[in-house]
Amino acid sequence: MFQTKFAKIIGVFICLLFLQSQTSHAQGGNAAPGADTLRVDIKQAEKLFLDHNLQLLAQKYNVDATKALIMQARLYPNPNFNIEQGAYNPETGKWFQTNSQGEEAYQLTQLIVLTRKIHKQVNIAETNYKLAEDNLYDMLRTLKLALRSTFYNIYYLRQTARVYDEEIVALKRVVDAYKAVQGKGYVSEAEIVQVQAQLYSLQNEYQALIDNINDAESQLRLVLQASPTIFIVPVVPEGIENADPLAYSLKSLVDSAYANRTDLMIAKDNVVLSEQTFTYQKALAVPDITLGAAYDRQGSYVKDFNAATLGFDIPIFNRNQGNIKNARILMDYNNSQLQLTQKTLEEQVARGFQKAIDADKLYKGIDGSFSANFDRLAQAMLSHYMERDVNLLTFLTFYDSYKQNVVQLNTILYNKVNALENLNFITGTNFFNK
């Protein structure tokens, strides 16, 4: 009789420890010692990303550098001025005579570029500039997906970590309580070992989860170019998982992808560039001419000789055949790449749309009262355990099921949000989670 009463007292004591652990403010994810916490929502995170990301900044410099080449392409060749001065006059025996008896010659030439080569160069430079811009926007699109996916991943992993944290704290206090009465016959050694084994297993899982969170934090800091001493806490509004992928038709998503996908724009730029390069290489097969004027004081058949000059290459051997053939092949290659990009785009949108629908269906298939029932049952289980109506193994099994429920639920929520983010990425438009 006394042992039963004492067992109930122990049960009440352990239950109180569990209840106390439920009030702890476990957040999941450990900040480094001395780290500053930064709470941001997705819009604030994107602003930090746009303002500070060094990859974007480097690509912007590349765009500016490419733009400068347009100005260079517009420039005409400089005229060439040549001076010839006689070094030694054998008739007078003098060096470098500059009087009327000395030899001096002057020549001024100008290269005249034919077949609108300069205009074609400008077209190529402008297309390269557009290509650099589209590469910048494609990098932006890719980095934004990494940012948003990592942002939401951290948030849901932290929600999961809270459950582990609470259970670990509770089990530690149970172990301490059992050790306090160990050897007095009220709690078996086997039961203590079971609790400790469960505790060690949870701690191992928890550490792996914390490592994942910290790795994701590191990735997020790199994207935001934040200091390693900053611990970022994502702030996510309630109900973000309720967005409906069926709010948009597949056709509207495909149309958006065709209008906004930067990789498709890059493929089109490459087609235009290869066509312009082919035209330019054909133009190079036509030789330019050099016009000029020449003056020679003593070195010609008459004194003070002057002449007009005209020069050009004779296209017998080199007619730029290899470059023209290369440019023609690149045109075919880039056209095939464009077709491949279009087919890939359509398939990605269709598959991404289906994945978003499937993730939404799985999310909506969850009983909304499921978690609430688990919370209610958990309180009832505590009461039964307090009265010693159930054994520790039954209680731990139920509590482990509760943990698994929360873990799976957070995984489903993240998969739903991430599927919508991927749909934003493959359509090039922020349809969801704006």
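Angles between helix axes that are neither under 35 degrees, nor over 145, nor within 65 to 115 count as oblique. In the predicted model described here, this criterion applies to the pair formed by helix α6, residues 250-260, and helix α8, residues 321-364, which pack at an angle of about 140 degrees with their axes 10 Å apart. The two helices α6 and α8 are therefore oblique to each other, and their crossing is right-handed. On the α6 side, the residues taking part are Leu250, Leu253, Val254, Ala257 and Tyr258, and these meet Gln342, Leu345, Glu346, Val349, Ala350 and Phe353 of α8. Sorted by class, the contact of α6 with α8 comprises nine nonpolar residues, one polar residue and one charged residue.

The chain as a whole contains 10 helices and eight strands. Of its 434 residues, 39% count as buried, and among contacts in the chain with a separation of 6 or more, 82% are accounted for by residues 24 or more positions apart.

In soluble globular proteins, nonpolar side chains tend to be buried together. In the present model, the largest nonpolar core has 33 residues, and those with the most contacts inside this core are Phe49, Leu147, Phe151, Tyr152 and Tyr156. Two or more residues are given to this core by each of α2 (42-52), α3 (54-73), α4 (117-180), α5, β6 and α10 (392-427), with the largest share, 12 residues, coming from α4. The surroundings of tyrosine 152 were examined with its neighbours within four places in sequence left aside, and this residue is then in contact with Ile42, Val236, Ile240, Tyr414, Val417, Glu421 and Asn433. A second core, separate from the one just described, has 24 residues, including Ile168, Val174, Ile213 and Tyr399.

Two further residues of helix α8 were considered individually. Asparagine 334 is placed in this helix, α8, and counts as buried because its relative accessibility is 12%, which falls under the 20% limit. When residues within four places in sequence are left aside, the contacts of asparagine 334 are with Asn270, Val271 and Ser274. Aspartate 360, also found in helix α8, has a relative accessible area of 5% and is therefore buried. Residues up to four places away in sequence not being counted, aspartate 360 touches Ala243, Asp244, Pro245 and Lys416.

Backbone geometry was considered next. Most residues other than glycine have a negative phi. Against this background, glutamine 225, which is not a glycine, has a positive phi of about 55 degrees, and the phi of asparagine 320, likewise a residue other than glycine, is positive and near 65 degrees. Glutamine 225 lies in the loop between α5 (189-224) and β6 (230-234), whereas asparagine 320 is found in the loop between β8 (305-312) and α8. As for accessibility, glutamine 225 counts as partly exposed because its relative accessibility is 34%, while asparagine 320, at 11% relative accessibility, counts as buried.

Conventions
Residues are numbered from 1 along each chain as its sequence is written. This is a predicted model: local features need pLDDT of at least 70, side-chain atom pairs count only at pLDDT 80 or more; totals for chains, interfaces and linings use all residues. Side-chain values use heavy atoms; hydrogens and water are left out. Axes are lines fitted to C-alpha atoms, for helices over the stretch in contact, and angles run from 0 to 180 degrees between N-to-C directions. Helices (H or I, at least four residues) and strands (E, at least two) are DSSP runs, numbered from the N terminus. A crossing is left-handed if the near helix is turned anticlockwise from the far one by less than a right angle, and right-handed if clockwise. Contact means heavy atoms within 4.5 Å. Ala, Val, Leu, Ile, Met, Phe, Trp, Tyr, Cys and Pro count as nonpolar, Asp, Glu, Lys and Arg as charged, and the others, Gly among them, as polar. Buried means under 20% relative accessible area, exposed over 50%, partly exposed in between (1.4 Å probe, protein chains only). A nonpolar core is a set of buried Ala, Val, Leu, Ile, Met, Phe, Trp, Tyr and Cys residues joined through side-chain atoms within 4.5 Å.
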